[in-house]
Amino acid sequence: MDGDLQRFVRRNSDAMIDWPNGTVPSQWEDESSAQERSECVLAYIPVVYYSTLLCVGVPVNILTLVALYRLSVRTQKALYVYLLALTGSDILSQLFIIFVGFLLETAMFHRDVPVLLLRSVSMMEFSANHASIWATVPLTVDRYVALCHPLLHRQISYPARARRIIAVVLILALVSGVPFFWWSDMWRVNRAPNNLDTALIWTHVTIIYFLPCCIFLVLNSLIILRLRKRQRQPMCQDESRQQLAVPGKLGKTTAMLLAVTSVFAVLWAPRTAVVLYHLYVYSVHNDWRVHLAYDLANMLAMLNTAVNFFLYCFVSKPFRAAVRDVLLFRWGPLHPRHPLHHQRTAANASTSSVFSSKRSQREVTPLSPKRVDIKM
């Protein structure tokens with residue numbers, strides 16, 4: 001058994017390291033370049049890690065998708081539409097990047113896959129990754145408008161508009177992945193990055209990290225400042241109950257948003273740093289330490305596609321209830337419609353009071369002579 005295990009590890013490590021380059025044909029590589037190639041120190045650990053992440057992440061994200069869909073249908077809020085788009089993009093990222101890109105191409109079928117198919121899959125990987133990250137941007141904008149401009153949020157935030165925004169985001173993500181058809185894989189390339197590689201790497205880190213992080217930082221800072229300002233303001237006695245009810249609800253949503261964006265910024269920071277280090281300092285192909293750092297950074301970045309479920313469960317009580325109902329096959333309504341019923345009752349009561357006051361005014365106010373004549 002030990003000999004078989006060693007042969008399995010050696011075969012997987014060879015499959016992960018000594019594959020032919022997609023941009024440089026294998027017959028162009030000489031023995032010196034093959035000897036200088038950095039080795040994968042982790043051996044079969046990435047295969048085990050990505051397999052576990054795929055087996056756990058995909059079912060968890062599907063469960064999240066079903067629970068969010070039920071909440072979206074039940075509440076008719078744009079918030080759940082954005083979260084649905086984020087979860088669906090995470091599933092696509094796991095399928096294209098982890099399953100197709102790493103497990104199938106790298107660990108199993110890489111030697112037999114045509115270059116055109118490799119480049120096409122690479123383009124789809126970047127498109128799914130961009131969609132997964134940029135689906136959080138309209139969610140952040142929606143939360144900012146809800147807290148800082150509540151009247152405007154009531155007018156512009158509804159599910160139909162949210163679906164149109166998500167459709168635009170997905171189309172732009174697909175278009176933004178087209179240039180990465182010419183992306184050079186850092187594990188395989190044994191040359192220094194050229195001008196095309198430099199342009200693609202800077203486009204990649206800008207789209208996938210720097211630009212969305214700047215948007216998250218600015219909008220989240222404005223949200224926190226508005227919440228602190230609202231807490232300092234004295235509350236009127238007549239409106240104390242309403243003002244106490246609203247911040248608690250908005251606080252949970254804001255906490256969810258801050259958690260999602262913060263986890264993304266932390267998990268993707270190592271990969272961005274290693275990519276830029278590879279570009280300007282030392283190549284992944286030539287230094288095993290950079291190779292190791294790149295492997296670990298990719299593993300952390302892909303972890304971001306499976307943690308949102310636990311963040312939602314930790315923050316949101318309605319989401320926990322929806323997940324419990326899905327697991328227990330309860331397909332009825334999640335919660336009774338008491339709030340909506342009370343709102344309609346209050347609206348009907350206010351309308352009836354207006355009508356009754358107008359009717360009483362007509363009864364008390366004497367009719368003019370002309371109206372008396374007409375009436376008679």
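Which residues have the most contacts inside the largest nonpolar core? They are L68, L83, F309, Y312 and F319, in a core that has 32 residues. The model discussed here is predicted, and this core is a convenient place to begin reading it.

The elements that give two or more residues to the largest core are α3 (45-75), α4 (78-109), α6 (136-148), α8 (159-176), α9 (195-232), α10 (240-280), α12 (308-315) and α13 (317-327). Of these, α4 gives the most, with nine residues. F309 shows what such a position looks like in detail: leaving aside residues up to four places away in sequence, F309 touches V60, L63, T64, F319 and V323. There is also a second, separate core of 22 residues, and V58, L103, C213 and M302 are among its members.

The chain as a whole can now be put around these cores. The protein chain has 376 residues, and 43% of them count as buried. Its secondary structure consists of 15 helices and zero strands. Among contacts in the chain with a separation of 6 or more, 81% are between residues 24 or more positions apart.

Two of the helices can be checked for length. Helix α6 has 13 residues, which should span 18 Å at 1.5 Å a residue; the C-alpha atoms at its ends are 18 Å apart, so the two values agree. Helix α11 (residues 288-303) has 16 residues with an expected span of 22 Å, and its end C-alpha atoms lie 23 Å apart, which agrees as well.

The cover on these two helices can be listed by residue. Eleven of the 13 residues of α6 are buried, so this helix is mostly covered. The buried residues are T136, V137, P138, L139, T140, D142, R143, V145, A146, L147 and C148. In α11, the buried residues are V290, H291, Y294, D295, A297, N298, M299, A301 and M302. M302 is also one of the residues of the second core.

Charged side chains come next. Side chains of opposite charge can pair when their charged atoms come close. How many salt bridges does the structure hold? It holds two. One of them joins R143 to D142, with the closest N and O atoms 2.9 Å apart. Both R143 and D142 are buried, and both appear among the buried residues of α6.

The other pairing is between the side chains of D325 and R330, at 3.7 Å from N to O. Here the partners have unlike surroundings: D325 counts as buried because its relative accessibility is 9%, while R330 is partly exposed, with a relative accessible area of 45%.

R119 is a contrasting case. This residue lies in helix α5 (residues 115-134). Is R119 buried or exposed, and what is the nearest side chain of opposite charge? R119 is buried, and the nearest such side chain is D197, 8.3 Å away. A salt bridge requires the nitrogen and the carboxyl oxygen to be within 4 Å, so R119 has none with D197. The side chain of R119 does have a polar atom 3.0 Å from the backbone oxygen of F181.

Some residues are exposed although they sit in helices. K317 is placed in helix α13, and with a relative accessible area of 57% it counts as exposed. The C-alpha atoms of K317 and K252 are separated by 9.2 Å, with their positions 65 residues apart along the chain. L217, in helix α9, is likewise exposed, at 59% relative accessibility. Its C-alpha atom is 9.9 Å from that of A265, and the two residues are 48 residues apart along the chain.

Finally, two loop residues have an unusual backbone angle to look at. Q76 is found in the loop between α3 and α4, and its phi is positive, about 55°, although Q76 is not a glycine. F329 lies in the loop between α13 and α14 (338-364). Phi of F329 is near 60°, again a positive value in a residue other than glycine. F329 counts as exposed because its relative accessibility is 63%.

Conventions
Residues numbered from 1 in each chain as written. Predicted model: local features only at pLDDT ≥ 70, side-chain atom pairs only at ≥ 80, totals over all residues. Heavy atoms only, no water. Helix = DSSP H or I, 4+ residues; strand = E, 2+ residues; numbered from the N terminus. Buried < 20%, exposed > 50% of the residue type's maximum accessible area, 1.4 Å probe, protein only. Lys, Arg positive; Asp, Glu negative; His and termini not counted. Polar contact = N/O pair within 3.5 Å; in protein donor to acceptor, adjacent residues only side chain to side chain. Core = buried A, V, L, I, M, F, W, Y, C linked by side-chain atoms within 4.5 Å. Contact = heavy atoms within 4.5 Å. Expected span 1.5 Å × (residues − 1).
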